[in-house]
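Please examine the model shown below. The paragraphs that follow lead from the chain as a whole to one group of strands and then to the aromatic rings.

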Amino acid sequence: MGISKAAFLFLFLLSSVKGDILDDYLRTDGVWILVRNKQFYKTNNEKECAEKCEAERNFTCRAFLFTRKKLQCLTLAENAKMTVTFTSTDTVLYEKRIYLMQCKRGIGTDYRGTEAKTQRGIPCQKWAEKIPHKPNYTPEKYPSAGLEENYCRNPDTDERGPWCYTTDPAVRFDYCAIPECEDQVTHTGEGPPGECMWCNGEDYHGEVSRTESGLECQRWDVQEPHMHGFTLTHYPEKDLKMNYCRNPDGELRPWCFTTNPNKRWEYCNIPHCTTPPPVSGVGSQCLSGKGEDYRGRIAVTESGNACQPWNSQLPHKHGWVPDRYPCKGLQGNYCRNPDGEKKPWCYTTNSSIRWEYCTIPPCGRTEQGIADVPIQAPLTEECYRGKGQSYRGTASVTASGKKCQAWSSMFPHTHIKTPDRFPDADLRDNYCRNPDGDSSPWCFTTDPNTIWEYCNLKRCDDHTQEPAPNASPGMMERNTGPAAPTTSGQAEVGGRLVCQEKDTFVQYGAISWELDCAQPSKPGFV
């Protein structure tokens, strides 16, 4: 036990000597968390944002969010264990490791997890309360012991580990059943991909089944405690076996959903192989799907701006650097799609335009040898006729400028307007559509606080009479009076704002719950 503790302290001190402030944080790409207590800062990179978190005096900073494209920094009083999480493509969440550990090292004096019951199942008494037991160890007397709420702690370096005062008047205190942290992988990373990973671990097929903070992984074929779409049926080639860590969606490295209801997913600690990766064939020279495998040499955006080199931070600072994403093809200043956008893009050399999509010729229409010659993009529908139910354009921005959520995605908003349920509505990608006969095309948004909005589209000049708002069959299905639609996802009936049909249902199996328009999706359905 003493050796284990000494080793942990040595690693901690070594981290301090290296001076990399981010070593004390757990990084999660593509996640946004909903918090009330936060501070906004403008920083150039993640390290500067971490320094803001360390220096935060308005609250105890447990995490911070950093947006790579806008360079925004938010210091947070909560982490993902304490609140609701959402998907946000361009956001990186950094959480202090000390507040995430669900296991103990040594005797657990540095344990800062959220276990709040004893080994016998008795709920813990809050450290700041005096009923039913008057405590000797309080937050005031031991401010560095992490005596928050009623979480198990070890403020007196008890040899038996974390404990707490109990809510049972007959039992003053008892120890907590905190598991020992396991070394998830102990080899040197010289073996095949079943033991280590190349690149971002998209071909990893090993059997690690715990996250880097010690949480057990949820089985891929199970929908509890977290409902998800990563199943063998949808991803038959991704080897989603048992509860092993995998990378089915091109993340930074392998991950898994966790068995902790308060932590949806987390990265796994898979070492990089020391041997070079196997040589793969050349990437596609034309657009196939979303263009994630495009390796052509087009280096100009669809509006004519030259692309900024990926290894350059001028004129725009960013996190998509070749060293961090070695298998994303980030060479030169060529258009690429490293983050699963709807098509390849790049940062531009225009200081007033941070990034734009590129026009890549589709594979089915381009002969080999001319794939790198930019062609004119096909004209997209810039307007809609009637109610827009026949609109098949590629607009994906709402009237207020919010990005649309993909119809097949359940994040950040769970819904029932899916391609399977509406096969004739052309619910592709995140394009604006009108599957339910509303007054105009709309979409769910990627803003966690705005469920849906009408899209930024104009009616074509076809002299089609605008239908009355209350004639829309997709609106106000649970209301009896006439309704005047707004772009905020609400309608006024009888002098009060009520939710429209899009807002009202969150489905889990055969269960549907009504939502309050003013509230984000219920925790547990996100």
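How much area does the chain expose, and what share of it do carbon and sulfur atoms supply? In this predicted model, the exposed area is about 26200 Å², and carbon and sulfur atoms account for 51% of that area. The chain contains 526 residues, of which 48% count as buried. Its secondary structure comprises three helices and 20 strands. Contacts between residues at least 6 apart in sequence have also been classified by separation: 61% of them join residues at least 24 apart.

Strand 4 offers a suitable entry into the strand pairing. This strand spans residues 72-76, and four of its five residues are buried. Strand 2, residues 38-42, pairs with strand 4 in the antiparallel sense through five bridges. Within that pairing, L74 of strand 4 has F40 opposite. Strand 3, residues 63-67, is likewise joined to strand 4 by five bridges, and these two strands run antiparallel. Here C73 of strand 4 is the bridge partner of F66. Strand 3 and strand 4 form a hairpin with four residues between the strands, and in this hairpin L71 adopts a positive phi near 60°.

The aromatic side chains form a further theme. Across the whole structure, a search yields 26 aromatic pairs. One of these consists of W163 and Y165, in an edge-to-face arrangement with the ring centres 5.1 Å apart and 85° between the planes. Both partners are withdrawn from the surface by the criterion of under 20% relative accessible area: W163 counts as buried because its relative accessibility is 4%, and Y165 counts as buried because its value is 3%. A second pair, F230 with F257, is tilted, with 6.1 Å centre to centre and 45° between the planes. F230 belongs to the loop between strand 7 (173-175) and strand 8 (255-257), whereas F257 lies in strand 8, so this pair ties together parts that are 27 residues apart in sequence. F230 has a relative accessibility of 16% and therefore counts as buried; F257, at 4%, counts as buried as well.

Ring pairs also extend into a cluster. W163 and Y165 belong to it, and ring pairs link them with W127, Y137, Y142, F173 and Y175.

A last contact involves a charge and a ring. R62 is placed over the face of Y99, at 5.1 Å from the ring centre.

Note on methods: Residues are numbered from 1 along each chain as its sequence is written. This is a predicted model: local features need pLDDT of at least 70, side-chain atom pairs count only at pLDDT 80 or more; totals for chains, interfaces and linings use all residues. Side-chain values use heavy atoms; hydrogens and water are left out. Buried means under 20% relative accessible area, exposed over 50%, partly exposed in between (1.4 Å probe, protein chains only). Contact means heavy atoms within 4.5 Å. Accessible areas come from the Shrake-Rupley method with a 1.4 Å probe; for residues, only the protein chains shown count as cover. Two strands pair if DSSP finds at least two bridges between them. Rings of Phe, Tyr and Trp (its six-membered ring) pair if their centres lie within 6.5 Å; planes under 30 degrees apart count as stacked, over 60 as edge-to-face and the rest as tilted. A charge sits over a ring if NZ of Lys or CZ of Arg is within 6 Å of the ring centre and within 35 degrees of the ring normal.
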